[in-house]
Amino acid sequence: MSMGHYTNLTDPRTELEVVRDWNGVEQVVLRSPRGAYARVSLHGGQVLSWRNDRGEELLFTSSKAVFKPPKAMRGGIPICFPQFGNSGTLEQHGFARNRIWALDEEHPPLYQNDNNSKSSVDLILKPLEDDLKCWPHCFEYRLRVSLSKDGDLSLVSRVRNVNGKPFSFSFGYHTYLSVSDISEVRIEGLETLDYLDNLSQRERFTEQGDAITFESEVDRVYVGSPNVIAVLDHEKKRTFVIRKEGLPDIVVWNPWEKKSKTMVDFGDEEYKQMLCVDAAAAERPITLKPGEEWTGKLELSEVPSTNCSGHLDQPGII
């Protein structure tokens, strides 16, 4: 679905490339020297697009996605906070993905010399009065989205408790990967792990396969997962390498045929072209004492499948 006409402007305060969508919501465009590209909406702090230096879109967006706040758009990388899924008192996946974020002009630097190698934007979310009525905790949520010179996409979330008492939350980067054919995709790095099966009342099972492949609906929380996993797309001969920190779980979701037909913002056959692989803190909530800060990092890179061996052995991230 076309997202309509953009209005281009450069923010003189930050030299960011900013566009406005047809609802007037600002989006920030990040570019790498080699031509990779990412677009981040202030609606939800959501990454809407990530393209490699050949112009290929790497994130899935439904052709039936609704681009109208406050509803979150079906695709890209919605931010799930302060609740992942529906295992709590809040709306599905929390409210952060439905709010308008602000550019964070006074962000504390995360790294020295970081801007030399990355194109970045810093966003901030603070609770509205309505948020405090349903979730009475004061927080500051800072999000940095970066595109490296090699086209790797990274998201760093920092949640600070500015409350007078502790609070707990769950979290997820709900990452819609674009794949050629779901039946030709496999995930490596989750072998032998325990998972909670959301299709069986969160019953706990142990993964038996050498790799995860897909032939029916899947909705699982792999607990205590390694910090590097790989999603191999056999037909496109490319691999997504997912690196994470501060996020113990990986959530794997594909709605398959029957469920796809029940979702109004999702095409009946689109399950074949997407796979959600979410770095998350879903099984056990994160608890912050007053003044404490939590950091959760995600880095996505795309490599030719022939070059993938060895990536799962690399401990470093971002």
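1. A pocket, as the term is used in this note, is an open set of grid points with protein on both sides within 12 Å along at least five of seven lines. In this predicted model, the largest pocket holds about 580 Å³ of space. Its lining is made up of 26 residues, and those closest to the centre are Gly85, Gln92, His93, His174 and Asp219. Two or more lining residues come from each of the strands β16 (218-222), β19 (249-254) and β20 (274-288). By residue class, the lining of the largest pocket divides into 10 nonpolar, 8 polar and 8 charged residues.

2. Confidence should be considered before the details. The protein chain has an average pLDDT of 89, and 87% of the residues score at least 70. Residues 1-5 have a pLDDT below 50, and this stretch makes 14 contacts in the model beyond near neighbours in sequence.

3. As to overall architecture, the protein chain contains 2 helices and 21 strands. Of its 318 residues, 54% are buried. When contacts between residues at least 6 apart in sequence are considered, 64% of them join residues at least 24 apart.

4. The annotated site merits a point of its own. An unreviewed UniProt entry lists Arg74, Gln92 and Arg97 under "binding site". These residues span 24 positions in sequence, yet no two of their C-alpha atoms are more than 13.2 Å apart, so they gather at one spot. Arg74, Gln92 and Arg97 also belong to the lining of the largest pocket. The record and the pocket calculation therefore point to a shared set of residues here, although the annotation may be inferred rather than shown by experiment.

5. Within this set, Arg74 is placed in the loop between β5 (46-51) and β6 (79-80). Its relative accessibility is 17%; buried means under 20%, so Arg74 counts as buried. Leaving out residues up to four places away in sequence, Arg74 touches Thr61, Ser62, Ala65, Tyr176, Trp253, Met263, Asp265 and Phe266.

6. Gln92 is found in the loop between β6 and β7 (102-103). With a relative accessible area of 38%, Gln92 is partly exposed. Beyond its neighbours within four places in sequence, Gln92 is in contact with Gly85, Asn86 and Arg97. One of these partners, Arg97, is also listed in the UniProt record, while Gly85 is, like Gln92, among the residues closest to the centre of the largest pocket.

7. The loop between β6 and β7 also holds Pro82. A cis peptide bond, with omega about 0°, joins Phe81 and Pro82. Inspection of the backbone may begin at this bond.

8. Two residues other than glycine have positive phi values. For Thr192, phi is near 70°; for Lys237, phi is about 55°. Thr192 lies in the loop between β13 (185-188) and β14 (194-197), and Lys237 in the loop between β17 (228-233) and β18 (238-245). Thr192 is exposed, with a relative accessible area of 61%, and Lys237 is likewise exposed at 61%.

9. The surroundings of Thr192 can be described further. Thr192 and Gln208 stand 16 residues apart in sequence, and their C-alpha atoms are 5.9 Å apart in space. Not counting residues up to four places away in sequence, Thr192 touches Thr206 and Glu207.

10. Strand β20, one of the strands that contribute to the pocket lining, includes Thr287. At 48% relative accessibility, Thr287 counts as partly exposed. Its contacts, apart from residues up to four places away in sequence, are with Pro166, Phe167, Ser168 and Glu292. Thr287 and Asn161 are 126 residues apart in sequence, and the distance between their C-alpha atoms is 9.4 Å.

Key. Residues numbered from 1 in each chain as written. Predicted model: local features only at pLDDT ≥ 70, side-chain atom pairs only at ≥ 80, totals over all residues. Heavy atoms only, no water. pLDDT = per-residue confidence, 0-100. Contact = heavy atoms within 4.5 Å. 1 Å grid on protein atoms, 1.4 Å probe; cavity = no way out; pocket = protein on both sides within 12 Å on 5 of 7 lines; lining within 4 Å. Helix = DSSP H or I, 4+ residues; strand = E, 2+ residues; numbered from the N terminus. Buried < 20%, exposed > 50% of the residue type's maximum accessible area, 1.4 Å probe, protein only. Points joined across faces, edges and corners; volume = space filled by probe spheres on them. Nonpolar A, V, L, I, M, F, W, Y, C, P; charged D, E, K, R; others polar.
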